[in-house]
Amino acid sequence: MKKLLLALLSAPLLLIACSTGQTVPEPRLPDIYPDYIGVTFPAEMAPLNFNLRGGYDKVFVKVKGGKGGELTASGRYAGFNVRKWQKLASQNIGDTLTFTVLGHKDGKWFQFVNFKMMVSPYPLTDYGVTYRRFAPGYETYSKIGIYQRNIHNFDEEPIIEGNAIPGQCVGCHTANATDPSRFLFHVRGKHGATVVQIDGDRKWMNTKTDSTISNAVYSYWHPSGDFVAHSNNHIHQLFWTGRNERYIEVYDDASDVIVHDVRTDEYILSPLLMTDAFETYPAFSSDGRTLYFCRAPYVEVPAHCEDVHYDLCSIGFDAEEGCFGDEVTTLIDAVSAGKSVTFPRPSYDGRWLLYSYADFGNFPINHKESDLWIMNLADGRTFPAAKANSNYDESFHNWSSDSHWFLFASRRDDSLYSQIYFSSIDEDGNTTKAFVLPQRNPEEFYHGTLFTFNVPDFTRTKVKFNVTAAYREAFSDERKNVTIKK
């Protein structure tokens, strides 16, 4: 009797509304936030909860699987039970879920046209994602932190926050091909350092030498875990009104690429990567034999920022000998096309390379026109990640451990705040409509807070970081200096 009563209470809104004659057909799709209509998602993902817009005070949703099973949700927003959602999704891998949505206002229920989501045939078993989360601003950075989120539920926790080391800026972070046992991030400020953590042991590194122009900035691990490629950049920020638009441009007036041997804390240098041109954004291939990077011919900046265009280039790397090849190859000649390629990210299965494609410059998160493009590493063919792109900037992308999913930052929601989106890629390079990182109450989370997200990455397992010990280490100012390999 108790089970029967619960069933009657949990699911009959549609039937009651119809039987009382108060249901009004709405011959259109519901206006839901986020826009999850037609997306493809992995069965393991947290529920894709959504809000119904249009002044409705209640919502009722019924979800039915193409291979069977159903689920309901009701309340102020469509919030699904995590276990039941994942059970239904797992039952319908490779098929669709059909959503029937009713909204209530003015004493009536309005039933919308059904919509579908696809449950991907590709699983996403990585633990979660890491990202910088902060309130966008240009005067203070005490609220900047690096966080991790379990993508199978809604649990979020800090890895390290700016207020744990007051007065310091917690910068870009990266794990080794989603393996957080090798993890690094940069700290800027009076007690600045590059923090390299290997199997729980941390080194606080002074990465500026007499032979390099700056501390390490953009970093990428070698698949062996023995090396990290860094760029050294003189970075500047400019508020301007170029192209009849008012916006922020981030640019370099000098930049080089080097490799750090984390076993000996020596830099491996090449004159081919330390020229008058601007070299930046290094990334190793999945086999570690190639280093990709971006290179722009020198122009005077900031006066000619709009004339800065980056090609995609590569150079060989020998991990056994710890040395570079003797030739730089241009893979994408974007300079001749008047475009700019930045942030190359090769997939870990060696098949694809994902990059940002913009009109100029090297900071695509500030370029509305920036899209994601894909290179087929087998034949060099390039094409846009069409279904993942939007009319706003896409940037800071990275791959899942199995290379069937990628995430990126985009301002497509409101043009101001960056959020994290997911898309998948199939064997032929086709991408799927991107969906934003699910939240328990999306409208409240994304529009009730002032946070922006960038530099997202996947991690196979949870990042373990001793914040208490790191606090002591940060203010001890004990730093290890990098030397130059002879």
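**Questions about a predicted model**

Visitor: Which backbone nitrogen does the side chain of Asp261 reach?

Guide: In this predicted model, the side chain of Asp261 makes an approach of 3.0 Å to a backbone nitrogen. Asp261 itself has its place in strand S19, which runs over residues 247-261. The backbone nitrogen that its side chain reaches is that of Arg263.

Visitor: Is Asp261 buried or exposed?

Guide: Apart from residues up to four places away in sequence, Asp261 touches Asp226, Phe227 and Glu266. Its C-alpha also lies 8.8 Å from that of Ala229, although 32 residues separate the two in sequence. Because the relative accessibility of Asp261 is 7% and the limit for this class is under 20%, Asp261 counts as buried.

Visitor: Which residue offers a backbone oxygen at 3.1 Å from a polar atom of the side chain of Asn398?

Guide: Asn398 sits in strand S29, residues 394-399, and at 7% relative accessibility it counts as buried. Leaving out residues up to four places away in sequence, it touches a set of residues including Trp405, Phe406, Asp457 and Phe458. The backbone oxygen at 3.1 Å from its side chain belongs to Pro456.

Visitor: In which strand does Thr459 lie?

Guide: With a relative accessibility of 1%, Thr459 counts as buried. Setting aside neighbours within four places in sequence, its contacts are Asp126, Tyr127, Gly128, Val129, Thr130, Thr178 and Pro180. The strand that holds Thr459 spans residues 452-459 and is S33.

Visitor: Why can Ala469, Ala470 and Ala474 be placed on the same side of H5, and what arc do they cover?

Guide: Helix H5 takes in residues 467-476, and Ala469, Ala470 and Ala474 are buried in it. They are on the same side of H5 because the arc they cover around the axis is only 135 degrees.

Visitor: Which strand do the buried residues of H5 pack against?

Guide: H5 has a face turned away from its buried side, and that face carries the exposed residues Thr468 and Arg472. The buried residues of H5, for their part, pack against a strand of residues 201-206, namely S16.

Visitor: Which residue caps the N-terminal end of H5?

Guide: Just after H5, Asp477 takes a positive phi of about 60 degrees. At the N-terminal end, a side-chain oxygen lies 3.2 Å from the backbone nitrogen of Thr468, and the residue that provides this cap is Asn466.

Visitor: How many disulfides does the structure hold?

Guide: A disulfide needs two cysteine sulfur atoms within 2.5 Å. For Cys172, which is partly exposed at 23% relative accessibility, the nearest cysteine sulfur is that of Cys169, 8.7 Å away. For Cys323, also partly exposed, with a relative accessible area of 32%, the nearest is that of Cys313, at 19 Å. The number of disulfides in the structure is 0.

Visitor: What volume does the largest cavity have?

Guide: Rolling a probe the size of a water molecule over the atoms shows where empty space is left. The structure holds 1 cavity of 30 Å³ or more. The largest cavity is lined by residues that include Glu249, Tyr251, Val301, Cys305, Tyr310, Phe360 and Asn362. Its volume is about 60 Å³.

Methods:
Residues are numbered from 1 along each chain as its sequence is written. This is a predicted model: local features need pLDDT of at least 70, side-chain atom pairs count only at pLDDT 80 or more; totals for chains, interfaces and linings use all residues. Side-chain values use heavy atoms; hydrogens and water are left out. Buried means under 20% relative accessible area, exposed over 50%, partly exposed in between (1.4 Å probe, protein chains only). Helices (H or I, at least four residues) and strands (E, at least two) are DSSP runs, numbered from the N terminus. Contact means heavy atoms within 4.5 Å. The arc is that of the directions from the helix axis to the C-beta atoms. A polar contact is a pair of N or O atoms within 3.5 Å; within protein, one must be able to donate a hydrogen and the other to accept it, and residues adjacent in sequence count only if both atoms are side-chain atoms. On a 1 Å grid over the protein atoms alone, a cavity is a set of points where a 1.4 Å probe fits but cannot get out, and a pocket is an open set with protein on both sides within 12 Å along at least five of seven lines; lining residues have an atom within 4 Å of a point. Grid points are joined across faces, edges and corners, and a volume is the space filled by probe spheres set on the points.
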